[in-house]
Amino acid sequence: MKTRFIALTTTLLCFVAGLSHAQQLVKGKISDEKDGSPVSFANVLLLKQDSTYIIGTTSDINGTFTLSNPANENSILSVSYIGYESACLPLNSSRNPQEEIEVQLKQSAIHLSEVTIQARSVIIKNDRKIILPNEEQIKMSTDGTDILRKMQLPRIMVDPTSGEITMSGSGTVQLRVNGVEVTSAEIASIPPADILRIEYHDDPGVRFGGADAVIDYITRRKESGGNANGVLFNSIGGKRTSADDRLALKYNFGKSEISANATYVKRKSDWTREYDEKLIFPDHEVHRVEVGEPTPFNKSILAGNLNYSLMEKDRYFFNAQLRYTYNDFPNGYEDRRSTLYTSESDVPLTISDHTVEKSKSPALDLYYQQNLSNNQLLIFNVVGTYIDTDSRRTYQEKRDNLLETDIMSHINGDKYSIIAEGIYEKKAGQGKITAGMKHLQAYTNNEYAGTTIADVSLRQAESSVYAEYQGRAGKWGYMANVSGIRLYYSQKDTHTEKYTWQSSARLAFEPSNNLYFRYRVNLRNQTPSLAAMNDVEQAIDAWQVRRGNPDLNIFHTLGQSFTAGYHKGAFGVDVLIGYEYEFKPIMESVFLDNGTFVRMYENQKSFQDLSAEATFTIKPWKNHLSLSVTPRIERFFSKGNTYRHTYTMHEVRANLDFTYNNWMANFTTITPPRSMYGEQMMKSDQMYTIMAGYKKSSWSIMAGVLNPFTSEYKTDNRNWSAIIPVTSKIHTSNNRSFLVKFAFNLNYGKQFKGGSKRTNNTDMDSGIMQGGKG
């Protein structure tokens with residue numbers, strides 16, 4: 001099997017190398033005439049002698065470009081970019097196609113603020129969209145997260161209160177700054193004036209590690225001096241308490257940059273949980289109705305990072321980052337106090353369920369990038385992570401103040417992991433070859449005390465090799481990649497070793513600068529979580545337990561998506577149709593074992609997800625007013641070993657943003673996760689925020705309200721198990737709150753462009769299995 005794995009690796013590398021083919025090319029590099037810095041994403045056009053359009057493209061991040069020249073005749077190369085004078089160069093048909101053209105642009109003598117520039121704000125590439133922020137967005141955004149919300153990207157959702165960046169359909173979003181993997185707090189700390197553009201990889205390649213979307217901020221960096229910025233975003237009045245506070249510092253000296261970032265998050269409120277469930281035994285049935293009382297929920301998160309980078313332009317880039325996160329949940333989200341009425345007794349039970357959890361996680365991330373000749377690049381990345389978790393749960397049932405059920409759980413978990421990756425990239429004509437290797441080694445030890453006593457140790461190793469080729473032919477773009485993977489797990493005296501592969505391909509067509517079509521197909525592997533594989537059993541209540549399953553297998557997902565978009569002037573529309581089919585997915589099973597209902601994850605038959613959404617954007621008043629509306633529909637098909645379920649969900653998201661002079665206001669809908677998987681459905685109410693404020697160059701203040709239309713917020717959960725169906729409702733009656741946000745930004749020093757880190761390796765899975773009811 002190992003021989004086949006090595007053979008597959010060799011075949012993959014040879015395959016992608018053979019995809020590159022010679023073309024009649026026009027290639028060159030665009031730079032600033034004054035300082036020689038590359039001019040990224042300049043418009044490059046190839047014209048006939050009579051100025052008739054032949055073909056066009058944009059320069060990449062290094063200022064380089066490549067065009068296919070189908071016309072065997074003299075032509076004109078036209079280059080333009082905002083803030084520079086346009087350049088036109090005659091090209092002779094007899095020129096050497098391998099000769100690289102040097103284009104130097106002269107900065108425009110007219111200051112940008114003195115003119116109104118009509119240019120494309122969205123540049124569409126094969127695998128991403130490049131969004132250029134307009135002057136009004138830069139001027140009126142309070143931080144890096146706020147400017148992303150104002151851009152109203154399709155599928156991307158920005159919570160204006162927490163700054164959390166998510167996407168529709170519960171996909172994973174990867175965040176970067178100049179290619180460096182970062183947290184949402186680091187995104188928020190970016191001064192809007194430093195943002196040159198945002199690269200939205202809505203169809204990311206293989207080296208992004210399975211992310212569904214990648215958002216990369218391309219920013220200016222300083223030669224000297226520093227920057228200090230921060231936000232105080234807090235609720236005032238009412239019973240709901242929230243705080244999202246942040247402080248960021250950065251200092252530049254020569255080739256080096258050092259920065260630090262600290263974030264504090266606080267959430268405190270009361271939740272009421274109510275359950276209606278049936279326990280169906282072979283010979284009888286028990287009906288249980290649980291009426292809840294307001295129960296505290298309380299969490300605090302303190303996170304910080306210290307970063308150092310060293311760069312020599314066009315040669316190398318080194319980045320070292322130390323991250324630390326501390327979570328303190330004195331009252332868990334699943335805590336509850338309630339009264340339980342059952343059909344088997346006239347005397348109700350009182351229930352108390354309380355969880356306390358603390359965790360700390362330091363991580364060290366080392367990255368090195370070496371630029372080589374002939375458009376080649378080497379990247380090395382090593383990340384070490386430690387996760388320490390302490391979780392305690394107490395569950396009690398009393399009847400007439402007499403204790404009938406007493407469940408105690410204390411889990412102490414330690415996980416050590418290291419992730420190493422090496423990447424090679426080479427540009428070949430209008431294409432790019434990417435190849436890499438990645439390895440994960442992890443050790444987890446969980447000690448269970450209380451009602452259940454166990455000591456579980458797991459060892460995990462994952463190795464992969466991958467290769468990808470992206471190319472372009474005229475108005476068509478294409479991509480293909482393939483990965484070979486080795487998986488290894490061990491627990492106690494048993495171990496599992498498996499080999500598999502995954503692949504994806506994309507075809508794109510851009511008939512004009514304003515219109516695009518894209519189709520993609522993916523074959524991915526999904527590995528079971530360490531928590532689900534724990535060989536341990538945890539009590540949920542008097543009748544139910546949660547049991548780990550060390551025999552879980554990886555499963556495959558076949559995904560297909562079709563996207564199309566049109567952007568011109570003040571109007572834009574983006575459409576997405578997606579379909580996923582999971583083979584043997586890991587979903588929950590419920591069965592009766594010696595009078596106890598057991599909940600355990602197993603490989604089931606199949607799961608299907610069909611979704612469609614369209615994002616409409618319009619700017620009816622120049623850049624002062626913008627509106628985005630997204631209707632979405634999703635249909636789920638769940639086929640277990642003993643069950644079948646279907647469900648349809650609908651939602652509409654909206655974002656309205658207004659700015660004029662120094663005044664600003666916005667309205668945003670916040671859509672919590674909504675999903676159906678296995679036999680479980682979760683659907684939460686949408687939330688709304690209205691904010692208004694005033695902004696100056698170095699500070700801003702805003703005030704508003706969360707959920708202005710209703711003070712109640714609820715979540716509806718259902719489990720359609722044939723032997724223990726459950727309907728649960730979780731709600732709070734004090735969710736309306738008034739918000740105040742103060743932001744400041746102070747900076748000084750000259751500016752230069754920085755290097756880019758291009759990997760994203762992090763470990764957030766603690767490996768602990770909890771026994772909560774959910």
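This passage describes the nonpolar cores, one helix, a cavity, a pocket and one loop residue of a predicted model. In this predicted model, local features require a pLDDT of at least 70 and side-chain atom pairs count only at pLDDT 80 or more, whereas totals for chains, interfaces and linings use all residues. Residues are numbered from 1 along each chain as its sequence is written, and side-chain values use heavy atoms, with hydrogens and water left out.

In soluble globular proteins, nonpolar side chains tend to be buried together. The largest nonpolar core (a set of buried Ala, Val, Leu, Ile, Met, Phe, Trp, Tyr and Cys residues joined through side-chain atoms within 4.5 Å; buried means under 20% relative accessible area, exposed over 50% and partly exposed in between, with a 1.4 Å probe and protein chains only) comprises 32 residues, of which Leu-148, Ile-156, Ile-165, Ile-187, Ile-215 and Tyr-217 touch the most other members. Two or more residues of this core come from each of β8 (122-124), α3 (144-151), β10 (156-158), β11 (165-167), β12 (173-177), β14 (195-201), β15 (213-222) and β24 (376-399), where helices (H or I, at least four residues) and strands (E, at least two) are DSSP runs numbered from the N terminus. Apart from this core lies another, of 18 residues, among them Leu-46, Ile-54, Tyr-84 and Ile-101.

Within α3, Leu-148 is in contact (heavy atoms within 4.5 Å) with Leu-153, Ile-156, Val-158, Ile-165, Ile-198, Ile-215 and Tyr-217, when residues up to four places away in sequence are not counted. Because eight of its eight residues are buried, α3 is largely enclosed by the rest of the structure; the buried residues include the charged side chains of Asp-146, Arg-149 and Lys-150. At the start of α3, a side-chain oxygen of Asp-143 comes within 3.1 Å of the backbone nitrogen of Thr-145, and just after the helix Gln-152 adopts a positive phi of about 55°.

Six cavities of 30 Å³ or more are present in the structure. On a 1 Å grid over the protein atoms alone, a cavity is a set of points where a 1.4 Å probe fits but cannot get out, a pocket is an open set with protein on both sides within 12 Å along at least five of seven lines, and lining residues have an atom within 4 Å of a point. The second largest cavity has a volume (the space filled by probe spheres set on the points, which are joined across faces, edges and corners) of about 440 Å³. Of its 28 lining residues, Val-177, Glu-186, Lys-250, Glu-257 and Ser-259 are the closest to the centre, and β18 (256-280) gives the most to the lining, with four residues. This lining divides into nine nonpolar, 13 polar and six charged residues, with Ala, Val, Leu, Ile, Met, Phe, Trp, Tyr, Cys and Pro counted as nonpolar, Asp, Glu, Lys and Arg as charged, and the others, Gly among them, as polar.

The second largest pocket has a volume of about 330 Å³ and is lined by 25 residues, with Ile-138, Lys-139, Lys-695, Ser-697 and Asn-745 nearest its centre. β47 (737-747) gives the most to this lining, with four residues.

Lys-475 is found in the loop between β27 (454-473) and β28 (476-491) and is partly exposed, with a relative accessible area of 42%. Lys-475 touches Ala-508, Phe-509, Glu-510 and Pro-511, not counting residues up to four places away in sequence, and a polar atom of its side chain lies 3.3 Å from the backbone oxygen of Pro-511, within the limit for a polar contact (a pair of N or O atoms within 3.5 Å; within protein, one must be able to donate a hydrogen and the other to accept it, and residues adjacent in sequence count only if both atoms are side-chain atoms).
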